[in-house]
Amino acid sequence: AGCAHPVAAVKAGFDLSRIRRVAVLGFDDYPRRTGSGAASASLFEKRLLEVGYGVVERRQSADLIREKGLNAKAGLGAKGARELGRALGVDALVLGSLSAFKPPRRESVWVERWEDEREPVIERVTRTETRESEPRPALLGLGRPRERERETVTVSRDEVTGYRTIRRLRRDREERTVPAEVGLVVRLVDVETADLLWSAAYTAGGSSVEEAAEECAERILAAV
C-alpha cells in the first residue's frame, strides 16, 4: 500500500509552465539495490514525456557531467546548474532518490478469523412412561395365559433439546504475496538560479517494482 497523497512543496509565485525541457540527472540507488535508481529514473522520464515535457537523454546528461567534472549528488550550485542547463538546452534539472525499493515477496503469516459452529444442547430429561409386560403363560400350561400388565415408570435420559451457535476464533498459517513497494523523492531545480522549484515524495505499491515506480511518477507529477 502506498501513501494516500504525495507530499509536495512548490516554490511560491513561480510559473511552472515556463519549464518545457528537462534533464533527469539520475536517481540515487536504494541501499543494497544496485540499479534501482537507474530503473526508477527511466520510468520517471517516460512519465515526463507522457505529460508533455521535452527530456534530454540521460546518457547525454551523464557524459556532460563527467566531462565538466560536476557532482550532481553534492549539489551543482548556481554556476554548475546554469552551465549544465545551457549545455543541454534545458530549463530545469530533475534529481531524485529512492526511499523504498522492495520487490514482491512471499511470506508466511498467522491469519485469525471468527467461525460459527452449531453444536447440540444436551440436557437431562425426565419423563413418565407406561410400559407393558410380556404375557406370561398359564401356570403349568393349564388355562388361559395371563394378560399383559401395565406399569408406569419414571425415566431420565440425556437428550438433544436444541442447538446453539458458538463463535470460535481460529488461527491458521497462510502463505501470501506481499506487494512490491517503491518510494521516490524527486526535486526540480531551476538551471538559471539553482533554486528548488518543487520537491515531492510518494510511496506506491504494485504487483512489481516497475508498476509501483510508474504510479509514483504519475502521482508526483500530478501533484506538482
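Which residues of α1 are buried? Keep that question in mind while we look around; the tour will come back to it. One thing to know before you start clicking: this is a predicted model.

**Stop 1: the whole chain**

Show the protein chain as a cartoon and colour it by secondary structure. You should find four helices and eight strands. Starting from the N terminus, the order of elements is β-β-α-β-α-α-β-β-β-β-β-α. The chain has 224 residues, and 31% of them count as buried. Now think about which parts of the chain meet: among contacts between residues at least 6 apart in sequence, 75% join residues at least 24 apart.

**Stop 2: helix α1**

Select residues 36–50, which form α1. Here is the answer to the opening question: Ser36, Gly37, Ser40, Ala41, Leu43, Phe44, Glu45 and Leu48 are the buried residues of this helix.

Try a distance check on α1 too. With 15 residues at 1.5 Å a residue, the helix should span 21 Å, and its end C-alpha atoms are 22 Å apart, which agrees.

Zoom in on Ser36, which sits in helix α1. Ser36 counts as buried because its relative accessibility is 2%, and the cut-off for buried is under 20%. Beyond its neighbours within four places in sequence, Ser36 is in contact with Asp29, Tyr30, Leu98 and Phe101. Then move past the other end of the helix: Gly52 follows α1 and has a positive phi, near 110°.

**Stop 3: strand β2 and its partners**

Select residues 21–28 for strand β2 and residues 54–56 for strand β3. These two strands pair in the parallel sense, over three bridges. To see one of them, pick Arg21, whose bridge partner in β3 is Gly54. Add α1 to the view, and you have a right-handed β-α-β unit made of β2, α1 and β3.

β2 also runs parallel to β4, with five bridges joining them. Two pairs are worth labelling: Asp28 has Ser97 as its bridge partner in β4, and Val24 has Val94.

**Stop 4: strand β4**

Select residues 92–102 to highlight β4. Is this strand enclosed or open? Eight of its 11 residues are buried, so β4 is largely enclosed by the rest of the structure. Besides its pairing with β2, β4 runs antiparallel to β7, and 10 bridges join these two. One example is Leu93, whose bridge partner in β7 is Val189.

Now click on Ala92, a residue of strand β4. Its relative accessibility is 0%, so Ala92 counts as buried. Not counting residues up to four places away in sequence, Ala92 touches Ile19, Arg21, Val22, Ala23, Leu188, Val189, Val191 and Leu197. For another distance to try, go from the C-alpha of Ala92 to that of Ala81: they are 8.6 Å apart in space and 11 residues apart in sequence.

**Stop 5: the nonpolar cores**

In soluble globular proteins, nonpolar side chains tend to be buried together. In this model, the largest nonpolar core has 32 residues. Show Phe27, Phe44, Val94, Leu184 and Trp198 as spheres; these have the most contacts inside that core. The elements giving two or more residues to it are β2, α1, β4, β7, β8 and α4. Among these, α4 gives the most, with seven residues.

A second, separate core has 13 residues, including Ala23, Leu25, Leu95 and Val189.

Pause at Val94 and display its surroundings. Leaving aside neighbours within four places in sequence, its contacts include Val22, Phe27, Phe44, Leu48, Val186 and Leu188.

**Stop 6: helix α4**

Finish by selecting residues 209–223, helix α4. Its 15 residues should span 21 Å at 1.5 Å a residue, and the end C-alpha atoms are 21 Å apart, which agrees.

Which residues of α4 are buried? They are Val209, Ala212, Ala213, Cys216, Ala217, Ile220 and Leu221. Turn the model until you look down the axis of α4: the buried residues fall within an arc of 155°, so they line one face of the helix. The spacing of the numbers fits a simple rule. An α-helix has 3.6 residues a turn, so residues three or four places apart point the same way.

Last of all, switch on what covers that face: α1, β4, β7 and β8 are included in what covers the buried residues of α4.

Terms used
Residues are numbered from 1 along each chain as its sequence is written. This is a predicted model: local features need pLDDT of at least 70, side-chain atom pairs count only at pLDDT 80 or more; totals for chains, interfaces and linings use all residues. Side-chain values use heavy atoms; hydrogens and water are left out. The expected span of a helix is 1.5 Å times one less than its number of residues. Buried means under 20% relative accessible area, exposed over 50%, partly exposed in between (1.4 Å probe, protein chains only). The arc is that of the directions from the helix axis to the C-beta atoms. Contact means heavy atoms within 4.5 Å. Two strands pair if DSSP finds at least two bridges between them. A crossover is right-handed if, with the strands pointing away from the viewer, the path from the first strand over the helix to the second runs clockwise. A nonpolar core is a set of buried Ala, Val, Leu, Ile, Met, Phe, Trp, Tyr and Cys residues joined through side-chain atoms within 4.5 Å.
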